[in-house]
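Me: Could you take a close look at one part of this model for me and walk me through how it sits among its surroundings? I'm happy with one long answer, cut-offs included.

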Amino acid sequence: MRLATPPGFPTEVFVQEVPAAELLPSGPWALVGDAAVRESWRAAAMPEPPCAIWEGVDESRKRLETILPWLEDWSRIPLHRDATLVAVGGGVLTDLAGLAASLYMRGIAWQAWPTTVLSMADAGLGGKTGADLPTGKNLVGAFHPPSRMVACTGFLATLPARQAESGRQELVKTALLLGDQEWAQEVAGEGPVKAAWIERALAFKAEVVHRDPMEHGERRVLNLGHTLGHAVESASGYALLHGEAVGIGLLASCLLAESEGLRPFPASFLDRLAARLAPLAPQLPTWEALLPWLTRDKKGTGLKPAGSEGVQIRCILPRPGESALQQLLPPSAWAEPYARVKHLLQGDPARA
Ligand SMILES: NC(=O)c1ccc[n+]([C@@H]2O[C@H](COP(=O)([O-])OP(=O)(O)OC[C@H]3O[C@@H](n4cnc5c(N)ncnc54)[C@H](O)[C@@H]3O)[C@@H](O)[C@H]2O)c1
């Protein structure tokens, strides 16, 4: 099914169960895919162009070094400017492939065929592409939207449970951004991820990205949970998955919003979210380990107003029943919410 997107939106978005060859490029194309889904792609009788690249990737391989051989391969084929790259895989693969597409011949078209919950609900859409540096996540990249995104939920059949759980947190994020408490409660609850949730998250992201493609203002709200989340992910040495770290960031954001005087979330919701995240408790870095990553977050403003303690960070504060707010706060503002997250994950109820 093709999703309705705003007029002029650069990406056609499809959500369906089974992949369909007619959605592949009609002209010359190349494929780079995650080796974890090669068998599923072939089992669905999906074609491959000559010299398709299937590569095992995870966050540790989200580096510029990974894409250099791809670029060299394409130049040897040779792939021309009229070619379209098809990227099949999770968010690491689609972020890297989109970046490679933006660089090759100064930019060729590409399609995202996401295969994880996280990449279907979020990473495959919106045009942000990137790679990590040793100093932080996604520190290099380009805005280069895919011409088409095809989310085939059938690929999720082979996705490990931990990955599905991790991706679910980006759906919780969307529910919190919308201020839809009922939906947030449902997504944080039991039961499998629904295709309708993915469609809703994509429709929302398309609207926001269309109004602010380069993240000059409104789009920053999509970083809800990511300020602390990226720091947790990096400080854990990537022992925590992206979505897991975002989940920690989401819970902390709810608590930070409360400590900034905004309307508190129901304890039942905080406890439910904490229960989902509880298995991560032993891997959470100390606040001291986290702080340096927070202060170098690329979404920090770098502003150092006189008399302040230093860098201010853009924080997204969710509110039940209302859309989220943006606020500049010092990194230290996260210390107390982070300590509360740790307590909640250990089973202390949200409200005594
Ligand atoms: N561009 C954006 O707007 C955006 C938004 C959110 C997250 N991201 C990025 O997305 C990345 C995380 O993506 P992810 O959670 O998809 O992780 P991932 O790409 O690392 O995939 C997770 C694991 O699942 C495997 N896998 C993928 N699909 C599979 C399937 N169908 N069956 C079995 N195994 C499968 C992969 O090989 C990998 O080991 C992070 O690097 C994050 O920065 C980007």
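Reply: Let's start at Gly261, which sits just after helix 9 and takes a positive phi of about 90°. Before going further, bear in mind that this is a predicted model, where local features need pLDDT of at least 70, side-chain atom pairs count only at pLDDT 80 or more, and totals for chains, interfaces and linings use all residues. Residues are numbered from 1 along each chain as its sequence is written.

Helix 9 itself covers residues 242-259, 18 residues in total, and its first and last C-alpha atoms are 25 Å apart, close to the expected 26 Å. (Helices are DSSP runs of H or I with at least four residues, strands are runs of E with at least two, and both are numbered from the N terminus; the expected span is 1.5 Å times one less than the number of residues.) Because 16 of its 18 residues are buried, helix 9 is largely enclosed by the rest of the structure. Buried here takes 20 or more other C-beta atoms within 10 Å of a residue's own, with C-beta atoms placed from the backbone.

Next door is helix 10 (residues 267-277), where Phe269, Leu270, Leu273, Ala274, Arg276 and Leu277 are buried. They span an arc of only 155° around the axis, so they lie on the same side of helix 10; the arc is taken over directions from the helix axis to the C-beta atoms. Helix 9 is part of what covers those buried residues, along with others including helix 5, helix 6 (181-187) and helix 12 (335-345). Contact means C-beta atoms, placed from the backbone, within 7 Å.

Helix 9 also turns up around the ligand: like helix 3 (91-103), helix 4 (117-123), strand 7 (136-143) and helix 5 (161-178), helix 9 supplies at least two residues of the shell. A residue is near the ligand if its C-beta atom lies within 6 Å of it. Of the 32 residues there, Gly90, Gly91, Val92, Thr116 and Ala123 come nearest. By class, the shell has 10 nonpolar, 14 polar and eight charged residues. (Ala, Val, Leu, Ile, Met, Phe, Trp, Tyr, Cys and Pro count as nonpolar, Asp, Glu, Lys and Arg as charged, and the others, Gly among them, as polar.)

Zooming out, the shell draws at least three residues from each of domain 1 (12-158) and domain 2 (161-345), with bounds taken from an automatic or database domain assignment. The C-alpha centres of domain 1 and domain 2 are 26 Å apart. Their contact takes 21 residues from domain 1 and 26 residues from domain 2. Helix 4 gives the most to domain 1's side, with five residues.

Methods. A residue is buried if 20 or more other C-beta atoms lie within 10 Å of its own, exposed if 12 or fewer, and partly exposed in between; C-beta atoms are placed from the backbone. Two residues are in contact if their C-beta atoms, placed from the backbone, lie within 7 Å.
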